[in-house]
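Here are some notes for a first look at this structure. Keep the viewer open and follow the points in order.

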2 protein chains.
Amino acid sequence: MPTLPAAVTVVEVGPRDGLQNESAQIPTAEKIAFVDRLSASGLREIEVSAFVSPKWIPQLADAAEVFQRIQRRPGTRYSALVPNMAGLERAIAADVTDVEIFAAASETFSRTNTNRGIEESFDTYRDVTSAAIAAGLRVRGYLSTAFGCPFEGAVSVDRVFALTARLLELGVYEVAVSDTIGIAHPGQVRQLLEQMVLTMPASRIALHFHDTRGMALANVLAALDYGIATFDGSAGGLGGCPYAPGASGNLATEDLLYMLHGLGIDTGVRVDAVSDAARALAPAIGHALPSRYSQARS
Amino acid sequence: MPTLPAAVTVVEVGPRDGLQNESAQIPTAEKIAFVDRLSASGLREIEVSAFVSPKWIPQLADAAEVFQRIQRRPGTRYSALVPNMAGLERAIAADVTDVEIFAAASETFSRTNTNRGIEESFDTYRDVTSAAIAAGLRVRGYLSTAFGCPFEGAVSVDRVFALTARLLELGVYEVAVSDTIGIAHPGQVRQLLEQMVLTMPASRIALHFHDTRGMALANVLAALDYGIATFDGSAGGLGGCPYAPGASGNLATEDLLYMLHGLGIDTGVRVDAVSDAARALAPAIGHALPSRYSQARS
């Protein structure tokens, strides 16, 4: 059997990626309490919000206020998505030290989601990344639709490999290769990582899975075998698909932690504290949270 | 990477193990149509019902009629659970060729669930298995609570190993090592199989997972690495926990098939035909079926 990593970093994306896909407008004070509870659970990387146009994502219009009022714990990193230079400037003004850029592996998805093609987005991100690094910030890259696109269907391993390499060349410290529509299966994960780990350090690759078809944890298990040691999770499974009640969007952080701890892998995070944070937020969300761990706890 | 099995047998347990845990009483005609649709999907092993006291499981009181009226396809095996000699006799009278016995790895669960201890159940099953084999039937064994018990908590690998060996000695062709409460994680699966495959052929071991904490497919993936090539599934995820809406009980057959096919493993089963069979039954069940594949299809 392959050797598993001794420790894994779990990147909590619930406050941004999760809430962005929830239809209920969450009060700012609830978001702040949510982030503070997540911090207290032992999570060391929390994606807090995004500095995007409030017209695009009204849910995250209060990004600056959230950053101002959360309790920042020493050693924990709090990040924000920035789509362009204007977003970066707002992030810096809000004293944000970690930003994220969001590229796509599918041209159609890139145009539909961000109103610009892949090349154009890289032109923007080159400037954003340089400026962020010059200002002393750390930059993480997302590569969305890396396992399939709702418009174009299959996405080739070669394309994902090439775009991941290009994001790393921009200066991001890590690329979160993302299964935006939850279509990836472990066969794809193995195929992709077999190629990637030959030429890129596993430490520069994170994986971001959605549990839409129930594959997320199997995909994580497949990736652990290749030495991948950073995975995104969303507390409670926040961000579930609104069209299918009970269906899951983001992989629930609790479910991820339960599996990792079962494998003897250290995360430094208390799973029930994450579950409690999600439960405390649930009344404001307006539907049951899809995390199976949290449901089984009830 | 370990080599995956080229083909996997999926044992469909929805009509028995699934329906037994659903509160809505399903009309006999619906059950028959369900089994016939599952047969048409390419499934070669279908657990149809149980010959138990109708007082214990009213849902399955129509076992004989279901067996009489389903269309048995050549090459497909249709099985029934039998708890004792009386059940076996009823099964034989109903022209059943494949029966199952249900032992537990936890003494308390055995007493609570079947009103007899483990040793007493083995005494019964010794007679049942001998008589069934003498009558030309094939016998499958379940070992329930093999990864944890709702009353006793942890169950040791040594105990599971010993009881699996004893079931095989009775003459069963295969033991479905079962995570009855959906608490297993891939670390446990690896620990158990590491010991088992040293002394038992992998071909005699099947695994039966519940998705209560979302681990089922990760557990399957872990087991494939040890050469295990038989897994139980329940169409639609039938048998979900009634106390947690949207929470899953049995691993959904569709979700299992989607992962296996993605890994390039042949099952001979058409996933959308299984999903269609579950959907056709869903109105009679009275709640949304938890299969994530089927939910994502809608």
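1. Start with the residue just after α5(A): Asn115(A) takes a positive phi of about 65 degrees. Bear in mind as you look around that this is a predicted model.

2. Now step back into the helix itself. α5 of chain A spans residues 107-114, and its buried residues are Phe109(A), Ser110(A) and Thr114(A). These three sit on the same side of α5(A), because they cover an arc of only 100 degrees around the axis. As a reminder, an α-helix has 3.6 residues a turn, so residues three or four places apart point the same way. What lies over the buried residues of α5(A)? The cover includes β4 (98-104), α6 (118-134) and β5 (138-144) of chain A.

3. Stay in this area and look for Glu152(A), in the loop between β5 and α7 (157-170) of chain A. Leaving aside residues up to four places away in sequence, Glu152(A) touches Ser106(A) and Thr108(A). Buried or partly exposed, which is Glu152(A)? It counts as partly exposed, because 13 other C-beta atoms lie within 10 Å, while a buried residue would need 20 or more. For a sense of distance, Glu152(A) and Ala104(A) are 48 residues apart in sequence, and their C-alpha atoms are 12 Å apart in space.

4. Zoom out to the whole of chain A. You should be able to pick out 12 helices and eight strands. The C-alpha atoms fill a box of roughly 45 × 45 × 40 Å along the principal axes. The radius of gyration of chain A is 18 Å, which agrees with the value near 19 Å for a compact globule of 298 residues. Of those 298 residues, 55% count as buried. Contacts in chain A also reach across the sequence: of those between residues at least 6 apart, 74% join residues at least 24 apart.

5. Next, the two chains together. Chain B superposes on chain A after a rotation of 180 degrees, with 0.0 Å of shift along the axis and an RMSD of 0.0 Å. The two copies are therefore related as by a two-fold rotation axis. Where in chain B does a C-alpha come nearest the axis? Look for Ala218(B), at 1.9 Å from it.

6. At the interface, 36 residues of chain B are in contact with 36 residues of chain A. On the chain B side, α8 (186-199), α9 (216-224), α10 (253-262) and α12 (292-297) each supply at least two residues. That side of chain B divides into 18 nonpolar, 12 polar and six charged residues. The copies meet through the same surface, because 100% of the interface residues of chain B are also interface residues in chain A.

7. α10(B) deserves its own look. Nine of its 10 residues are buried, so α10(B) is largely enclosed by the rest of the structure. Among them are Glu254(B) and Asp255(B), along with Leu256(B), Leu257(B), Tyr258(B) and Met259(B). After the helix comes Gly264(B), with a positive phi near 80 degrees.

8. Finally, the nonpolar core. The largest one has 189 residues, and Val220(A) and Val220(B) touch the most other members. What does Val220(A) touch, not counting residues up to four places away in sequence? Its contacts are Leu207(A), Phe209(A), Phe231(A), Leu256(A) and Met259(A).

Terms used: Residues are numbered from 1 along each chain as its sequence is written. Chains are lettered from A and ligands numbered from 1 in the order in which they are written. This is a predicted model: local features need pLDDT of at least 70, side-chain atom pairs count only at pLDDT 80 or more; totals for chains, interfaces and linings use all residues. Helices (H or I, at least four residues) and strands (E, at least two) are DSSP runs, numbered from the N terminus. The radius of gyration is taken over C-alpha atoms; the globule rule is 2.2 Å times the number of residues to the power 0.38. A residue is buried if 20 or more other C-beta atoms lie within 10 Å of its own, exposed if 12 or fewer, and partly exposed in between; C-beta atoms are placed from the backbone. Two residues are in contact if their C-beta atoms, placed from the backbone, lie within 7 Å. Copies are superposed by least squares on the C-alpha atoms of residues with pLDDT of at least 70 in both. The arc is that of the directions from the helix axis to the C-beta atoms. Ala, Val, Leu, Ile, Met, Phe, Trp, Tyr, Cys and Pro count as nonpolar, Asp, Glu, Lys and Arg as charged, and the others, Gly among them, as polar. A nonpolar core is a set of buried Ala, Val, Leu, Ile, Met, Phe, Trp, Tyr and Cys residues joined through C-beta atoms within 7 Å.
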